[in-house]
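Please open the model in your viewer and keep the selection panel at hand, since the tour goes from one selection to the next.

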Amino acid sequence: MAANSSSSFLKQPATGITVSLSNSASELKFEPNHLELVAGKRYQLRLTNPSQLKHYFTAKDFADSIWTQKVEAGKVEIKGAIHELELKPGAEAEWVFVTLKPGNYSLRCPIPGHTEAGMTGEIVVSN
Ligand SMILES: [Cu+2]
């Protein structure tokens, strides 16, 4: 993506969304497990893991369809393309991105047994 088009995205206020990877009861699910986004908008996705296990936020086709501004975790800020995030117990991260392409994208935690137990979700990007 050209730098000039990304700088116009940066002027948009980001819409905040929070997704919890599992919960304090360590149930294997994303909360919420369905996200509705609009193409061409800037989002600040806050990910939390209040459970006792590590989890992944894996949505590769979605990650390929967006422009990532940054991921912030602790005192570290990462720029550039991100494909999946691993959150250790108690971790938090913020992913700031702009949606580019409409579509239905699947989300899952690929840790053995977690997808099968229902740790899946859907990200819908509409026009
Ligand atoms: Cu998991």
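Does Tyr105 count as buried or exposed? In this predicted model, Tyr105 has a relative accessibility of 11% and therefore counts as buried, the cut-off for that class being under 20%.

Keep Tyr105 selected and add Phe62, because this residue, at 1% relative accessibility, counts as buried as well. A pair of aromatic rings is described by the distance of the centres and the angle of the planes. For Phe62 and Tyr105 these values are 5.7 Å centre to centre and 65° between the planes, an arrangement that is edge-to-face. If you now colour by secondary structure, you will find Phe62 in helix H2 (residues 60-64) and Tyr105 in strand S10 (residues 103-108), so the pair ties together parts that are 43 residues apart in sequence.

Next, widen the selection to Phe30, Tyr43, Phe57, Phe62, Trp95, Phe97 and Tyr105, which ring pairs link into a cluster; the structure as a whole holds six aromatic pairs.

Finally, select the copper ion together with its protein donors, namely His55 through ND1, Cys109 through SG and His114 through ND1, which lie 2.0 to 2.2 Å from the ion. Along the sequence, the donor residues of the copper ion follow the spacing H-x53-C-x4-H. His55 belongs to strand S5 (residues 55-58), while His114 sits in the loop between S10 and strand S11 (120-126), so these two residues tie together parts that are 59 residues apart in sequence. With the surface switched on, note that both His55 and His114 are buried.

Terms used. Residues are numbered from 1 along each chain as its sequence is written. This is a predicted model: local features need pLDDT of at least 70, side-chain atom pairs count only at pLDDT 80 or more; totals for chains, interfaces and linings use all residues. Side-chain values use heavy atoms; hydrogens and water are left out. Rings of Phe, Tyr and Trp (its six-membered ring) pair if their centres lie within 6.5 Å; planes under 30 degrees apart count as stacked, over 60 as edge-to-face and the rest as tilted. Helices (H or I, at least four residues) and strands (E, at least two) are DSSP runs, numbered from the N terminus. Buried means under 20% relative accessible area, exposed over 50%, partly exposed in between (1.4 Å probe, protein chains only). Donors are N, O and S atoms within 2.8 Å of the metal (3.2 Å for Na, K and Ca); water is not among the atoms, so sites may look incomplete.
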